[in-house]
Amino acid sequence: MGRKAGLSDDKLRAVLSDDRTSFNDTERLVIELADAMTDTPANVSDDLYARLRKQFSEEQLMQLGAQIAFENYRARWNRIFNVESDNLSRRSQTNRKNHDQPECADVSPALRRISPVQFCNSAILPPVPVISRRHLR
Amino acid sequence: MARVSGLEKNDAPWHLRWFYGVMRKMFGKDFTPAKIQMRLPGLVWGGIAMEAGLGRKRLVSLRYIQLGKSAPRPGLVVLSE
């Protein structure tokens with residue numbers, strides 16, 4: 001769906017990394033907002049809000065925030081029932097082949113709240129763990 | 001493995017069976033979370049209403065919305081087909 005919205009594969013992959021050079025200023029802001037909203041406890045600083053307001057109107061921020069919050073709702077809801085990947089993505093299939101050594105195994109399970117294998121296999125739409133990118137650094 | 005099972009199309013409430021067709025058209029298969037939510041139809045209708053309401057008059061570029069939705073979910077949508 002991201003591709004249909006005009007996001008390149010490189011950019012979509014870069015969402016996971018620290019390298020944000022491929023994003024423009026507005027895209028970086030959106031990612032920062034999503035990070036802040038996904039964090040626990042969620043906290044959007046005055047500074048971030050001020051920068052967002054330079055790019056978006058209040059109504060636009062309401063819509064963007066609602067979309068991000070709703071995505072968080074879905075991701076968290078899935079954790080109750082331990083819903084796993086439906087294998088809709090190529091990445092997910094690759095990760096299943098490397099089942100024994102997930103690439104994100106170095107991230108503390110305590111931070112992810114789920115096992116590394118489960119985390120790596122959740123590379124699809126709804127069954128996704130809620131975790132801030134900040135925790136992955 | 002999910003801790004609970006979802007409903008197949010034939011077991012789902014009649015007023016939500018159309019949704020299976022939408023899922024299959026979009027993703028080529030039934031979505032596990034959606035099948036589970038079918039046990040509580042209000043959840044599905046709530047999600048549909050939310051998406052419809054937010055998508056009705058889009059004020060922000062879809063590009064930013066998709067990016068914002070991807071960021072809280074490392075490794076996901078992102079790479080879906």
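Trainee: How many residues of helix α1 of chain B are buried?
Mentor: Just 1 of its 10 residues, which run from 18 to 27, so to speak a hardly covered helix. Keep in mind that this is a predicted model.

Trainee: And what follows α1(B)?
Mentor: Gly28(B) does, and its phi is positive, near 80 degrees.

Trainee: OK, switching to chain A. How many helices and strands are there?
Mentor: There are 8 helices and 0 strands. Going from the N terminus, the elements read α-α-α-α-α-α-α-α.

Trainee: What percentage of chain A is buried?
Mentor: Buried residues come to 36% of its 137 residues.

Trainee: And what about contacts between residues 24 or more positions apart?
Mentor: In chain A they account for 54% of the contacts with a separation of 6 or more.

Trainee: Let's look at a helix pair. At what angle do α2 and α4 of chain A cross?
Mentor: Roughly 45 degrees, with the axes coming within 10 Å. Here α2(A) covers residues 25–38 and α4(A) covers residues 58–80.

Trainee: Parallel, perpendicular or oblique, then?
Mentor: Oblique. An angle counts as roughly parallel under 35 degrees and as roughly perpendicular from 65 to 115, and roughly 45 degrees fits neither range, so the two helices are oblique to each other.

Trainee: Is that crossing left-handed or right-handed?
Mentor: The crossing of α2(A) and α4(A) is right-handed.

Trainee: Which residues make the contact?
Mentor: From α2(A) you have Val30(A), Leu33(A), Ala34(A), Met37(A) and Thr38(A). On the α4(A) side there are Leu64(A), Gly65(A), Ile68(A), Ala69(A) and Asn72(A).

Trainee: How does that contact split by class?
Mentor: It has 7 nonpolar and 3 polar residues, and no charged ones.

Trainee: Now the largest nonpolar core. Which residues touch the most other members?
Mentor: The core has 18 residues, and the ones you want are Val30(A), Ile31(A), Leu33(A), Ala34(A), Leu64(A), Tyr64(B) and Leu67(B).

Trainee: Which helices supply at least two residues each?
Mentor: α2 and α4 of chain A, together with α4 (62–70) of chain B. The largest share, 6 residues, comes from α2(A).

Trainee: Is there another core apart from it, and which residues are in it?
Mentor: Another core of 6 residues lies apart from it, with Phe19(B), Phe31(B), Ala34(B) and Val44(B) among them.

Trainee: Back to Val30(A). What does it touch?
Mentor: Leaving out residues up to four places away in sequence, Val30(A) touches Leu64(A), Tyr64(B), Leu67(B) and Gly68(B).

Methods. Residues numbered from 1 in each chain as written. Chains lettered and ligands numbered in written order. Predicted model: local features only at pLDDT ≥ 70, side-chain atom pairs only at ≥ 80, totals over all residues. Axes fitted to C-alpha atoms, helices over the stretch in contact; angles between N-to-C directions. Helix = DSSP H or I, 4+ residues; strand = E, 2+ residues; numbered from the N terminus. Parallel < 35°, antiparallel > 145°, perpendicular 65-115°, else oblique. Left-handed = near helix turned anticlockwise from the far one by under 90°. Contact = placed C-beta atoms within 7 Å. Nonpolar A, V, L, I, M, F, W, Y, C, P; charged D, E, K, R; others polar. Buried ≥ 20, exposed ≤ 12 C-beta atoms within 10 Å, placed from the backbone. Core = buried A, V, L, I, M, F, W, Y, C linked by C-beta atoms within 7 Å.
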